[in-house]
Amino acid sequence: MKNSRSADSEVPTGERPYVVLLGSVGMDDTGIVGGKNASLGEMIRHLKELKIAVPDGFATTADAYRQFISENHLGRVIADHLRQWKRGRESLEQCGSTIRRAIGGGHVPENIRDEILDAYAQLRRKAGRQLSVAVRSSATAEDLPAASFAGQLETSLNVRGEEALLAAVRNCFASLFTDRAITYCDTQKIHHTKVAVSAGIQRMVRSDRAGSGVMFTIDTETGFPNVVLINAAWGLGEYVVQGVTDPDEYLVSKPPLGDKHFVPIIEKRRGRKEKKLVYGKGPKTTRAMVTSRRQRDSLVLADDEILILAHRAVAIERHYRRPMDIEWAKDGPTGKLFIVQARPETVQSRKTASALKSYAMKRKATPIVTGLAIGSAIAAGKVCRLKSAKEEARFPNGAVLVAEKTDPDWGPIMKRAAAIVTAHGGRTSHAAIVSREFGVPAVVGAGAAMRVLKDGMDVTVCCAQGDEGIVYEGRLPFTESDLITGTIPETRTKVMLNMADPAAALRWWRLPSDGIGLARMEFIIANHVKVHPMALAHFDSVTDPKVRRQILALTKGYKSKPDYFVERLAEGVGRLAASHYPKPVIVRMSDFKTNEYAKLIGGRQFEPDEPNPMIGWRGASRYYSDGYRDGFALECRAIRTVRERMGLTNVLIMIPFCRTLEEADLVLKEMARHGLRRGVRGLEVYVMCEIPSNVILARDFARRFDGFSIGSNDLTQLTLGVDRDSAALKHLFDEENPAVKDLIRSAISAAHRGGAHVGLCGQAPSDHPAFARFLAEAGIDAVSVTPDSFISVKTNIAAAEAATAPSFVPLF
Ligand code: PEP
Ligand code: MG
C-alpha cells in the first residue's frame, strides 16, 4: 500500500501505519483498508476528472485494528467466547455481546489515537468546525466477489467531536462480532483472526436536507446490462439500504446517454417514501421523521439529476470493468451529487445464460397482495409472519416469510424461505438484495402484507408477471421450465419476439432474438396507462363522477391529463425499445376493438356499441376519424417522445387493420400532421397484412409502407369467415388451411416483388412447429413469436432452412 499512495497525497502519511487518507489508497489496498474504503480511494484518485465527487476522509488500517485487539488483550477473549459458542456452551447472543462489550470498553492506543485525531483535525480545517462524519466499517475480507459481506457491519452517521469519533471507531471494530457477522463469518468459513476491520471516516453529505439512494449499473431483476437502475428517497441513505422506506425508482437506458440531446429515462416510479432519516440532536445522532405530503407526492430527483447519476454510474462501471452497486447522496445546501460507496454487483453478474428459467401461472387468479417483484420465479407455501428475526425458531423450512422489512439479522431465516413478502422496501432494499442472492422470489413494498397474510395461510407468490409481484391465496398450479440458450442454432430467417407487457421486456434479453416483431400498443395502454386517451384529451367532457375521480388520482403529479397518457405510454414503449436497442422494435399503434377500448377507464363514453367489434371500428379506421383522432395524436406524441427525446430510434411504427389504400393514405397523412413522417429521421412505417385486401393489393400497399407483418390471426379469421374468438367454431379456425397458406405465400412474394420486407407476427408459428417451417420454406424474412416458444421456433426454422436450399434472396 505504501508504494501505491499517490504523490499528491495531502497529508504526509507515508510513515503512519494506522491511518491513511482515502485519496491515497486504491483497489490494491483491500487488505489494508477493506474493499469499501479501497473503492472510495480508487474513485477519489482516478475518477475526479470524470466529475465523480466522492467526499474526502481517511481510514484506519487493518494494523490499527490488530494493534487495538492486541494491546487490549482481546484476542484471547474473542477466541474463548467463539469456542464456547461453537461448543454450544454459550448462545450466539451471549457470545457476541460479551465480545462487543470488551471491544467497546477497550482503550484506543495512544499512537493510533494521535493519528486518528490528527487526520480528523486536518479534515476539520478544510470543512469547518461543523464537520460531521460518517464512520463506516470495511472488513478486509469484505466485498470479496463471492461473498457480499454487504450490510453486515455497522455504520455511525453524523458523528461530531473527538470522543464521539473514537467511540464510533471502537463501535466499528466491535461490529465484526454482531450476531449476524459472527454467523456470516462462520458460514463463509472466514476465521476471525483472518479478518480485520478498517474504519472509514468520511465527511457527511447533507443528504438529510435532500435525498440519497442506491443505483445499479444493470437491471437487478434480470441482469440486463443496458440500463442503470436508480433508487431515491428523502433523507440519509440508510433507509433505502435497510428497506425502511419505499423509494422512487428510475430506469435509464445506457446507449443513448452518449448523445447529450437525449433524455433516455424510460421509467420514473414514485415511491411512498413515508419516512426519512435525518440528523438528530445530542447523543442520538440520527432520528426518523415522517415525510411531508409534498415530499411523498413528488419525485426526489429531477431529470437532469437522474441523467447525471446515470452518467456517473456508467463511468464507474467502465472504470471497474464490471457491473456495480453504488450508493449516492445529494447535498442539500449545494445540490451537489456525491458517490459515497461503490462495490461490485454480485448476484446477476454471476449468472450465466443457462440460468434462464421460465415460470408461468397455469391459470388466472385474483391477487390478494401486490408489491414489487424481485426475481422472476414462482413459489408456493404456508405463510409464517414474523415481527422480528428473534422469532427464528418459529420459522419452518420452506414457508413463505412475511415481515415488515428485513435486515441482515434475517439472513438465516430468508435462506430457508420458499418466498418472501415484505410490507416495505424497494428493489435495492435488504430484502430484495438478499432474496436475489438466495434465488428466492420476493414481493417487497407490499403495503398490505402484514394485515392480509395470516399465519398458516397457503399462498402462491408470483414474480413471473413483470414488475408487479403478486401473492395469490392457495397453492396454485404453475410451470417451471429451463431455457438453455447455449445451443440455439443460427437462422437465416430473422426470429423476433412478440411482447405485450413492457414490465416483462427486460427478462428476455438473453435470447438471441432479432428484435421485437410486434409490440401491441393496446397492451401497453392497458398495463401502463389504464385510461382511454379520449377521456384524457377531453377530460372536461367526462361525465361520470367516479371516472373523473379515478382519472384525477392517476394523473396526479402530471402537467396535464394528455401528458399523463404520453409519458406513461412513452415509458412503456421506451422500456421495450431499450430492451432490444439497437435492434428494431416494431410498435403497432393501438388495435383494441370497441368493446375492449370501452373497458379502459373513461372508455364507455367514447366507444359505440358494436354488434361485431372484430370487424368494426378498429385499427386504421379510427386514427383519422373525429371520434378518435385526438387519441391517436397522443399515441403519436408518445412515439415521438421515445424516438426524439429518449433517443430510442430503433422504434418502427406499424399500422394495424388497414382495409384500403385510401385508408393507408389518410393514416399516413394524419401521422405526418403529428410529426411522424415516413423516412424523416429514419422513421420506418410498416403495415399489418391481415385482411385479404392487403394481400390482393400487396404491391400497392408496398409502395406506401416500408414493410409488412402478416397477422395470421386476423387473416385466418377473414379468409375462412371464422370468428377467431368463437368457441363453437374453434375446430374451423386453422392457420394451416390451404387457403390461408396460399394467401400467405402470395403476400410474401408480392411484398418481395414490391421491394418490401415481410414478416409474420400471428400466433401460429409459436404454437405449431410445422407452420414455422412452412414460413421459412416460403421465404419469409422474419417471424415474430412469443418469448417462451423462441427456442423451439428457432430450432425448427434452422432445420427447415437446412433442408431447403434457399429459393429466394432475402431482401434484408
Ligand atoms: C394477427 O392478427 O395475427 C395479429 C398479430 O394481430 P392481433 O392478434 O393483435 O389482432
Ligand atoms: Mg390482427
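Is R681 buried or exposed? Select R681 and switch on a surface to look for yourself: R681 is exposed, with a relative accessible area of 54%. Keep in mind throughout that you're looking at a predicted model.

**Stop 1: two odd backbones**

Stay on R681 for a moment. This residue sits in the loop between α21 (661–673) and β27 (685–689). Check its backbone angles and you'll find a positive phi of about 55°, even though R681 is not a glycine.

Now jump to R321. What is its phi near? The value for R321 is near 55°, again positive in a residue other than glycine. R321 belongs to the loop between α10 (303–320) and β12 (324–330). With a relative accessible area of 75%, R321 is exposed.

**Stop 2: a cis peptide bond**

Next, select Y581 and P582 together and show their backbone as sticks. The peptide bond that runs from Y581 to P582 is cis, and its omega is near 0°. As for where you are, P582 lies in the loop between α17 (561–580) and β25 (585–588).

**Stop 3: ligand 1**

Time to pick ligand 1 and show what surrounds it. Which residues come nearest? There are 13 residues around ligand 1, and R520, R588, G711, N713 and R724 come nearest.

Click through three of the arginines, one at a time:

- R520: an N or O atom of its side chain is 2.8 Å from an oxygen atom of ligand 1.
- R588: here an N or O atom in the side chain is 2.7 Å from an oxygen of ligand 1.
- R724: one of its polar side-chain atoms lies 2.7 Å from an oxygen atom of the ligand.

Try hiding the protein and then bringing it back. On its own, ligand 1 exposes 280 Å², and the protein buries 98% of that.

Now colour the shell by residue type: you should get three nonpolar, four polar and six charged residues. To see where the shell comes from, highlight β24 (516–520) and α24 (712–720), which each supply at least two of its residues. The largest share, three residues, comes from α24.

**Stop 4: aromatic rings**

How many aromatic pairs does a search of the whole structure find? The count is eight. For one of them, select Y65 and F173: this pair is edge-to-face, with 5.3 Å from centre to centre and 85° between the planes. Trace the chain and you'll see that the pair links distant parts of it, since Y65 is in helix α2 (residues 62–71) and F173 in helix α6 (residues 162–174), 108 residues apart. Both Y65 and F173 are buried. Add F68 to your selection as well, and you have one aromatic cluster made of Y65, F68 and F173.

**Stop 5: charges over rings**

Show R622 and W617 next. The charged end of R622 sits over the ring of W617, 4.0 Å from the ring's centre. Then swap to K561 and F539, where the charged end of K561 sits over the F539 ring, 5.0 Å from its centre.

**Last stop: H192**

Finish by selecting H192, in the loop between α7 (179–187) and β5 (197–203). Why does H192 count as buried? Its relative accessibility is 18%, and buried means under 20%, so H192 makes the cut. Add A79 and draw a distance between the two C-alpha atoms: they are separated by 8.2 Å, although H192 and A79 are 113 residues apart along the chain.

Terms used
Residues numbered from 1 in each chain as written. Chains lettered and ligands numbered in written order. Predicted model: local features only at pLDDT ≥ 70, side-chain atom pairs only at ≥ 80, totals over all residues. Heavy atoms only, no water. Near = heavy atom within 4 Å. Polar contact = N/O pair within 3.5 Å; in protein donor to acceptor, adjacent residues only side chain to side chain. Areas by Shrake-Rupley, 256 points an atom, 1.4 Å probe, with all protein chains shown as cover. Helix = DSSP H or I, 4+ residues; strand = E, 2+ residues; numbered from the N terminus. Nonpolar A, V, L, I, M, F, W, Y, C, P; charged D, E, K, R; others polar. Phe/Tyr/Trp six-rings, centres within 6.5 Å; stacked < 30°, edge-to-face > 60°. Buried < 20%, exposed > 50% of the residue type's maximum accessible area, 1.4 Å probe, protein only. Lys NZ or Arg CZ within 6 Å of the ring centre and 35° of its normal.
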